Amino acid sequence: MSCKCIEFQNVSYMYNLGSREVKALINVSLKIPKGEFVSVVGASGSGKSTLAKHCNGILTPVEGNVFVNGKNTSQRAVKKRLWKEVGLVMQSPEKQLFEATVFDDVAFGPRNLNLSERETERAVEQALHWVGLDSKEIGKISPFSLSGGEKRRVAIAGILALSPSVLVLDEPLAGLDPSGRKRLLGQLKLLHKDQGITVVLITHNMDDAAAVSDRIVVMNEGKIQAVGPLEKVFLSAQELEEMGLELPFAARLLRCLAGRGYRVSEGYTLDRAAEEILKIYRNRGGHSV
Amino acid sequence: MFEGITLGAYIPGDSLLHKFDPRVKIIGSLLLIAGTLLVSSPAGILIYSITALLLLVLSHLSWSRFFKGLRFIYVIVALSLIIQSFSVPGEVLWQVGSFNITREGIFSGALLSWRLLVIVILSSLVTYTTTSINLSAGLERMLRPLERLGLPVSQLAMMMGITISFIPLMLEEFQSVITAQQSRGAGFGSRNLIRQFKNLLPLLLPVVAGILRRADELSEAMEARCYRPGAHRSRMRELCLHSKDWTALAVTATMLAVVVLLEYKFLF
């Protein structure tokens with residue numbers, strides 16, 4: 001069990017227990033090994049955020065168990081310390097900013113860890129660097145004066161400064177402009193590669209999921225519909241559509257070409273689609289540039 | 001932490017109580033509350049409690065949900081019972097330190113907390129069965145005569161309506177900021193008072209900032225839909241009193257009249 005980083009065992013969770021019960025998770029079982037980059041995709045209300053909050057003990061299962069690094073999150077002692085191991089970036093995390101300066105805000109977590117001022121300083125600089133910001137440049141500015149994208153990155157740095165071994169991000173890309181999305185996604189990927197931390201990315205965007213993850217978890221109405229690598233999960237476009245999701249753009253493009261009688265194989269990333277299109281082009285006697 | 005608190009939140013329904021004119025609900029509940037406060041005999045309070053419970057039945061609200069939503073009130077009710085039983089002089093039953101618990105104290109404390117409970121039930125019934133829009137419409141209509149005195153009635157009603165509908169949103173905001181800061185190690189559950197106080201800052205600042213931002217957005221959205229403060233605004237559903245509304249008013253007014261006659265008969 002300890003080799004698995006996060007393990008959900010038959011987890012069910014309901015909101016408003018007692019009155020007007022809403023089932024958010026129904027009998028969810030899932031294993032996320034150490035060092036993996038997993039995306040959890042699903043439409044609004046599919047239980048993604050509830051799943052995310054179970055990862056660091058903000059919520060604990062009504063039924064079933066969640067284990068993080070082999071420890072049961074339902075135990076009070078485990079639950080209280082879990083924030084040190086699992087960093088959870090909530091939806092619109094920029095709402096949690098409160099300190100007078102960017103530096104102090106990012107330092108809030110490390111100070112709660114009782115790090116010394118010097119260690120804190122290093123953790124803050126490092127965290128801001130990971131999200132592509134310079135501590136010297138913006139450390140002394142008020143976080144409220146930053147742009148939306150910068151605020152988001154500062155908030156994520158606030159979690160990274162805890163140097164968690166698992167990072168759970170709930171819709172971190174929502175509301176960012178295309179360049180902001182691309183940059184943040186790239187930084188996440190880099191962080192995963194360099195630091196070897198486990199990343200759980202919650203999103204409803206298949207393109208983002210396809211671009212970065214090793215494995216994909218598809219959720220629908222509180223249940224896990226499919227788990228696996230891209231190729232396996234993106235089997236049926238129609239099924240995904242019924243769940244309020246969509247294949248990645250590249251996959252739709254390739255299917256569209258296949259529908260018009262071109263011989264292309266399946267693919268899920270833009271690079272892959274470009275290769276397939278070039279193949280058609282070459283087969284027709286065109287010259288590759 | 002805030003799950004299940006529904007104070008001041010409307011619960012949709014189709015009951016008689018839901019259908020009463022908001023003015024009737026406001027005035028009727030005020031009349032009943034006045035009666036509960038004026039009546040001095042336990043029998044009288046009992047009659048008002050039965051009336052309140054009868055209205056609760058008529059509202060078709062779930063009892064468990066209704067009373068769960070009032071759980072903060074119970075603390076106040078219990079406190080008033082305790083304080084009262086210490087502070088009224090009379091026949092001493094027990095001594096706790098330098099305090100005396102008296103028979104008269106317990107009796108008046110019980111009556112007071114009983115009254116409080118009935119009043120809370122009555123007023124919650126109004127907010128549970130009336131949308132904030134309807135509530136402020138009723139208040140606006142009732143206060144309209146004061147407009148001649150220069151009181152900005154429609155603005156006040158709008159402010160009231162917005163305040164009421166923002167309460168659940170604020171609780172949500174609090175909840176989400178609490179979880180976010182907990183993820184960064186803020187210990188809101190800490191027993192240490194100084195630590196708790198220090199922890200308020202990371203909680204209050206984002207929430208206040210969030211509320212200001214929401215207020216800003218709301219005012220822009222209202223202006224975009226041509227809201228002008230003070231301009232005469234008609235309503236989609238103009239209020240209109242039906243026979244059931246007059247009956248309810250008559251019943252509650254009569255109850256109060258009987259109480260006043262019985263309690264203050266020396267006046268006549």
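Mentor: Two residues are in contact if their C-beta atoms, placed from the backbone, lie within 7 Å. Please keep in mind throughout that this is a predicted model.

Trainee: Against which helix do the buried residues of α11(A) pack?
Mentor: Helix α11 of chain A, which covers residues 249-259, has A250(A), A251(A) and L254(A) as its buried residues. Viewed down the axis of α11(A), these fall within an arc of 100°, so they line one face of the helix. The partner against which the buried residues of α11(A) pack is a helix of chain A covering residues 270-283, namely α12.

Trainee: Which exposed residues does the face of α11(A) turned away from its buried side carry?
Mentor: An α-helix has 3.6 residues a turn, so residues three or four places apart point the same way. On α11(A), the face turned away from the buried side carries two exposed residues, C256(A) and G259(A).

Trainee: Which residue just after α11(A) takes a positive phi?
Mentor: Helix α11(A) covers residues 249-259. Just after this helix, a positive phi of about 95° is taken by G261(A).

Trainee: Which helix gives the largest share of the largest nonpolar core?
Mentor: The largest nonpolar core has 83 residues, and those with the most contacts inside the core include C55(A), V106(A) and A161(A). Its largest share, six residues, comes from a helix of chain A that spans residues 148-160, which is α6.

Trainee: How many residues are in the other core that lies apart from it?
Mentor: The largest core counts A161(A) among the residues with the most contacts inside it, and A161(A) touches, among others, V106(A), A123(A) and A127(A), leaving aside residues up to four places away in sequence. Apart from that core lies another, which includes I45(B), Y48(B), V126(B) and A248(B) and has a total of 22 residues.

Trainee: How many helices and strands does the secondary structure of chain B come to?
Mentor: Read along the sequence, chain B follows the pattern α-α-α-α-α-β-β-α-α-α-α-α. The secondary structure of chain B therefore comes to ten helices and two strands.

Trainee: Which residue stands opposite V96(B)?
Mentor: Strands β1 (residues 92-96) and β2 (residues 99-102) of chain B run antiparallel and are joined by four bridges. Together they form a hairpin with two residues between them, and G97(B) in the turn has a positive phi of about 60°. Opposite V96(B), in β2(B), stands F99(B).

Trainee: Is Y74(B) buried, exposed or partly exposed?
Mentor: The place of Y74(B) is in helix α5 of chain B, residues 71-87. A residue is buried with 20 or more other C-beta atoms within 10 Å of its own, and exposed with 12 or fewer. Because Y74(B) has 14 such atoms within 10 Å, it is partly exposed.

Trainee: What distance separates the C-alpha atoms of Y74(B) and F99(B)?
Mentor: F99(B) belongs to the pairing just described, where it stands opposite V96(B). Along the chain Y74(B) and F99(B) are 25 residues apart, and their C-alpha atoms are separated by 23 Å.

Trainee: Which helix gives the most to the side of chain B that touches chain A?
Mentor: In this pairing of chains, 20 residues of chain B are in contact with 19 residues of chain A. Helices α4, α8 and α9 of chain B each supply at least two residues of the side of chain B that touches chain A. By class, that side has seven nonpolar, ten polar and three charged residues. The helix that gives the most to it, with six residues, is α8(B).

Technical notes
Residues numbered from 1 in each chain as written. Chains lettered and ligands numbered in written order. Predicted model: local features only at pLDDT ≥ 70, side-chain atom pairs only at ≥ 80, totals over all residues. Arc of directions from axis to C-beta. Nonpolar A, V, L, I, M, F, W, Y, C, P; charged D, E, K, R; others polar. Pairing = 2+ DSSP bridges. Core = buried A, V, L, I, M, F, W, Y, C linked by C-beta atoms within 7 Å.
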